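The following questions and answers work through selected local features of one model. Please keep the sequence and the structure in view while reading.

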Amino acid sequence: MSDLEAFRTRGHAWLESVAPTFGRDARTGLSVEDDLALGRRYQAAKFDAGFAGINWPTEWGGQGLGHLEKIAFDAAEMNFGMPNGYFGISLGMPIPVLMRFGSDKAWAKERVLAALKGEEIWCQLFSEPSGGSDLAALRTRAEPDGNGWKMTGQKLWTSWAQYSDYGVIVARTDPTVPKHKGLTYFWVDMKAPGVDVRPIKLAGGDSHVNEVFFDDVKLTDDQRMSPVGEGFGVALTTLMIERYVATDSAGFGPPIELFVDLAREAEINERPAIEDGRIRSAIARNYAMRAGLEAITRRAMMMMEAGMQPGPEGSLNKLVAVRSRQKLSELAMDLVGTSDLAFDPHASTKSDWATSWLNAPTGRIAGGSDETLLNTIAEKILGLPQDHRPDKGIPFNQIPA
Amino acid sequence: MSLLYDEGQQAIATESRRVLDARSDKARLLGLIEQTGVIDTAWWDTAREQGWTALAAPEEHGGLGLGLVELGLVAQAAGAATAGAPFLTAGYGVTRALLAAESSDTTAHWLAALASGEATGAVAFAEQQAPLPQRPLVRFAGGKLNGTKHGVVGGAKADIALVLALSDEGPCLVLAELAAMTPPAIASYDPARCSADLTFADTPATLLLNGPGVGAAALDIMAAMAVVTAHEQVGGAEALMGIARDYALTRKAFGQPIGAFQSIKHRIAELYGLIEIARANAIDAASKDGTPAFFRAAAAARLSATEAYDTAARDCVQIHGGIGVTWETGLHLHMRRARSLAVEQGNMLWWEDRLVTDLDGGLE
């Protein structure tokens, strides 16, 4: 058995052993607050067992293993429905950036350990009302104030901000230069005076995203994590940290087997749905598409194991998987018809078609909309021209609103 | 099994692509589709000279002892070039059947002849609209075949045919020599395929396989040919995506390259997605040859590659506008090939259905 296989086996055994305490069944019916508390205990147990920060250096509290070990564990963990969602962004982006760009190393190390144990949570404050896909159009201002800075503005769609202790943020420090050039990257204390977090209830009923208002919030210059005016580069680094993460060819919706089960039970005009050509076609096409995405992922893993750089086709997973999950969920709901309309807003998107359908649009928008991803493929992979950008090269404060 | 090409496999990919790029001649291919019953002999000579016919044949029969992965790479290059002569895929199908049969002088003779490219093979499974009939109408009795196989790819030019027939004991696979037959090639939309209806009338044939395993053996041969074809489709689709991309970069409208319009660039980006999914499935299926997971992987490859090539043909022409529908531009070579490959080795409808039968509890 390879080291990777041994690690995978050990990880799986540990997950099995704690699943009764933390897994899907243990979470059923919990309030968000109780679930978060359970999540914090799970994260601490994960840390103690040596499965937190798998691919981080040991001096930062990590395990010093490779990216493949991390993906292997994440993929296994996904099957148990563990309460780890609260820490995904925190440990995925802000904390690695803090390790790399934090100026006070001792303080950063304390924060990294606290985050790894689930004691503290970090959020990432990028999107704004005036710009989601167009990150560099952000309007939150940070102005020099004594030895530090004073920040005012509004962020939007910030996941888990209401539970966060700290956040990383990009703000405009110079509106007189073109939009990408006037940005600076900071960390911010989410409990500081002037920070106001207001949860936003989403269509599916949950409120994990927020709008966050900053009203003359004071920042010391130690909180600056990029040179002044070079925050956009650090923000891009953040987005590139985890190019290959554990993926799900089902687009975080139900597996195709669940659809086959439903088609076996359902009827269309008093005939078994599984014998209906339209249903068979949908099953086959989805199966082929998912098999292809899984093969892309397996090939990428093999390349990384061989010390090679995986190809850009890994970026297809989110684009292709989520929108097909959306359609398949609609078809599943058609099969159910009016026979079972009871809706459980707390059901998992991985096991409930209606929940999967209602939450699917979020997956097609967050973390790069379908359209943005298509642009990226066209421009970065295929070498097609950039879209027409009328604001290019124009000082930010002269761009027509 | 590995999904990564080793150095030898990468060399096969590069070399076959290089040779076909150098020898591809659009005028010759356009000329071929104005005739019926003419194969691209230049291509077949190249295939023989390069040893492509021998790639996946065993060494003891004059082959190179490689497999589906390598043959797939050559098929991909052939697909990009819309190369004529359909014998690479069918010859491989016949080879698989010969290897599955009890070995004899006959099997050894034809295995060697197929590997050298001296002989060409066709696979005659389909009848009417059934790609793989459960109870074939073509009969095999007393060493003789009777009945008609429809639209056999390469049937007008092949030396031998692997035929799925019905004997008194049930379905069987037999080998028929076609030398005495002169079936007329069908004037199809892709005449270089040289398809023909093969009508057997007391035609002598050699029994290769009979008994309860015939259905599974025929399905396995069909799946293997589908995987070769999937590679060919990926090659064609990828070539079309490149043509579309290049055209979108050079053609200008409204003061900018048309590739700067999202309606165009997103169309091409969607093709990229379809092609990479099909490619990953094709590689995955080739690497699973001989394992229990082969059939599902082959079906996934077949479905995604057909979708990719059909869509690429449709969209590439659309992106070209008027110039795309002219005879000279030759995009219709790909349009025609995309459709022939889509209906050979079982169409989408058949594969969708068989795959779901398998997912719903296994094949009978």
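Q: In which sense do strand 1 and strand 4 (residues 166–172) of chain A pair?
A: This is a predicted model, in which local features need pLDDT of at least 70 and side-chain atom pairs count only at pLDDT 80 or more, whereas totals for chains, interfaces and linings use all residues. Residues are numbered from 1 along each chain as its sequence is written, chains are lettered from A and ligands numbered from 1 in the order in which they are written, and side-chain values use heavy atoms, with hydrogens and water left out. Strands are DSSP runs of E with at least two residues, numbered from the N terminus, and two of them pair if DSSP finds at least two bridges between them. Strand 1 and strand 4 of chain A are joined over four bridges, and the sense of their pairing is parallel.

Q: Which residue of strand 4 of chain A is the bridge partner of A:Cys123?
A: A:Cys123 points to one side of strand 1 (residues 122–125) of chain A together with A:Leu125, while A:Trp122 and A:Gln124 point the other way, and all are buried (under 20% relative accessible area, with a 1.4 Å probe and protein chains only). In a regular strand the side chains alternate between the two faces of the sheet. Across in strand 4 of chain A, the bridge partner of A:Cys123 is A:Gly167.

Q: Why are helix 4 and helix 5 of chain B described as roughly parallel or roughly antiparallel to each other?
A: Helices are DSSP runs of H or I with at least four residues, and axes are lines fitted to C-alpha atoms over the stretch in contact, with angles from 0 to 180 degrees between N-to-C directions. Helix 4 (residues 68–80) and helix 5 (residues 87–100) of chain B pack at an angle of about 160 degrees, with their axes 11 Å apart. Angles under 35 degrees count as roughly parallel and those over 145 as roughly antiparallel. Helix 4 and helix 5 of chain B are therefore roughly antiparallel.

Q: Which residues in helix 5 of chain B are met by residues in helix 4 of chain B?
A: Contact means heavy atoms within 4.5 Å. From helix 4 of chain B, the residues taking part are B:Leu68, B:Leu71 and B:Val74. Their counterparts in helix 5 of chain B are B:Leu88, B:Tyr92 and B:Arg96.

Q: What is the relative accessible area of B:Thr82?
A: B:Thr82 sits in the loop between helix 4 and helix 5 of chain B. Leaving aside neighbours within four places in sequence, B:Thr82 is in contact with B:Leu29, B:Tyr309, B:Leu333, B:His334 and B:Arg337. B:Thr82 is buried, and its relative accessible area is 6%.

Definitions and conventions. Angles under 35 degrees count as roughly parallel, over 145 as roughly antiparallel, 65 to 115 as roughly perpendicular and the rest as oblique. Buried means under 20% relative accessible area, exposed over 50%, partly exposed in between (1.4 Å probe, protein chains only).
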